[in-house]
Amino acid sequence: MAEDSDLEKTEPASPRRLEKAREEGQVARSRELTTFLMLLGGVSTLWLGAGWMYQQLGSIYHRGLAFDQIVIADPGQMIVNAVYMFGLGLLAVAPVMGVLAVLAVLGSVAMGGLVISTKALEPKFSRMNPLSGLQRLVSMQSLVELFKAVGKSLLIGGVAAWVIWGNRDAMLDLIGAPVQAAIAKALDMVAISCIIVVATLLLIVAIDAPWQLFSHLKKLRMSKQDLKQEHKESEGDPQIKARIKQQQRAMSRRRMMSQVPMADVVVTNPLRFAVALRYQEGVNGAPTVIAKGSGLIAARIREIATEHKVPILEAPPLARALHKHVELDQEIPAALYTAVAEVLAWVFQLRTWRQHGKGAEPTAPRKLPVPTNLDPLASQPTESA
């Protein structure tokens, strides 16, 4: 399909796409870097440890060719000698093998890091498709690998020929030199030649490592549709999220409405805002807003307050200040203590009057002391209900 073509995959891979590829074992690797490190480490180890290895191998050679009368009397001793010499042989090559093993791991994780994944071992029938195999053979990656192999062979072969040609006179001089000196000199020449040849791989590594990283990131590119789909999967469908938020708001609103019957008073605007206050002595340090709202929510708060005989006070400045500056389940600010204290005093008087029914009904407080900086409409001369 056109949407899956490389031409449309113009966006860089997202962090989630990179992490998913890493979990599947797809990371940037440079085999040339690993080869370079192993060759350099192996040659250096052989050069530095040549004397010690010579002694170990000489000991094995000497013991293998020595005539021992014990072997004639006890043929089983041959097995003991063979096992012993095998152990000496392992000990002789252990430094080289250890260095190669460590460098093989370091070279493998140098670019992509350590990745342990079994998904690469899972069988995929798509790999058995002949057409897919032919496409891989003529792909850009295959052409790059071909040119890289040819270039590496020419470069290493050319450098090796140059080193040999430059040391031709020294090599001819070995013919007339003493055997021990000739061997030592020849080994030094071989080691130096190997170091020079291996060092030429740096040029190949300098080209291959960035190319492998670029090729890996290019392979993981995404189309705009892929990014949208990933965002939808990670963040969720916007419609579903909106529905969830709507349900959460509805639940919060129902929970808030259930608190209105327990309020001491509801302060209104009178039509736009409604704020329910409750004060529990010994529990709250100050009166707390347990419900608030505007418009239809404010109307519903007033209805519930009327049904449960909760006092309703029309105090527009105080209602606006409470609705603007105090959140649900939050205590009122100290600047509103005086105004709310007058309201609660009226509520307690009204409650006593309703219980005993003596005297005149308490008069609702007017002109409550609400600081102008807390009233959103304090600067306006009039207020529309």
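This note covers three strands, an aromatic pair and a charge over a ring in a predicted model.

1. Strand E2, residues 273–278, is a good place to start. Of its six residues, five are buried, so the strand is largely enclosed by the rest of the structure. Buried here means under 20% relative accessible area.

2. One partner of E2 is strand E1, residues 265–268. The two strands pair in the antiparallel sense, with four bridges between them. Within this pairing, Val267 is found opposite Val275 of E2. E1 and E2 together make a hairpin, and four residues lie between the two strands.

3. E2 is also joined to strand E3, residues 288–294. These two strands run antiparallel and are linked by six bridges. Here Phe273 faces Ser294, a residue of E3.

4. Next come the aromatic rings. There is one aromatic pair in the structure. It is made by Trp211 and Phe214, whose ring centres are 5.9 Å apart; their planes meet at 40°, so the pair counts as tilted. The tilted class takes in planes that are neither under 30 degrees apart nor over 60.

5. Both residues of the pair belong to helix H10, residues 201–219. Trp211 and Phe214 are three residues apart in H10, which means that about one helical turn separates them.

6. How buried or exposed is each of the two? Trp211 has a relative accessible area of 25% and is therefore partly exposed. Phe214 is also partly exposed, because its relative accessibility is 40%.

7. A last point concerns a charge and a ring. Arg168 sits over the face of Trp165, and the distance to the ring centre is 4.1 Å.

Conventions:
Residues numbered from 1 in each chain as written. Predicted model: local features only at pLDDT ≥ 70, side-chain atom pairs only at ≥ 80, totals over all residues. Heavy atoms only, no water. Buried < 20%, exposed > 50% of the residue type's maximum accessible area, 1.4 Å probe, protein only. Pairing = 2+ DSSP bridges. Phe/Tyr/Trp six-rings, centres within 6.5 Å; stacked < 30°, edge-to-face > 60°. Lys NZ or Arg CZ within 6 Å of the ring centre and 35° of its normal.
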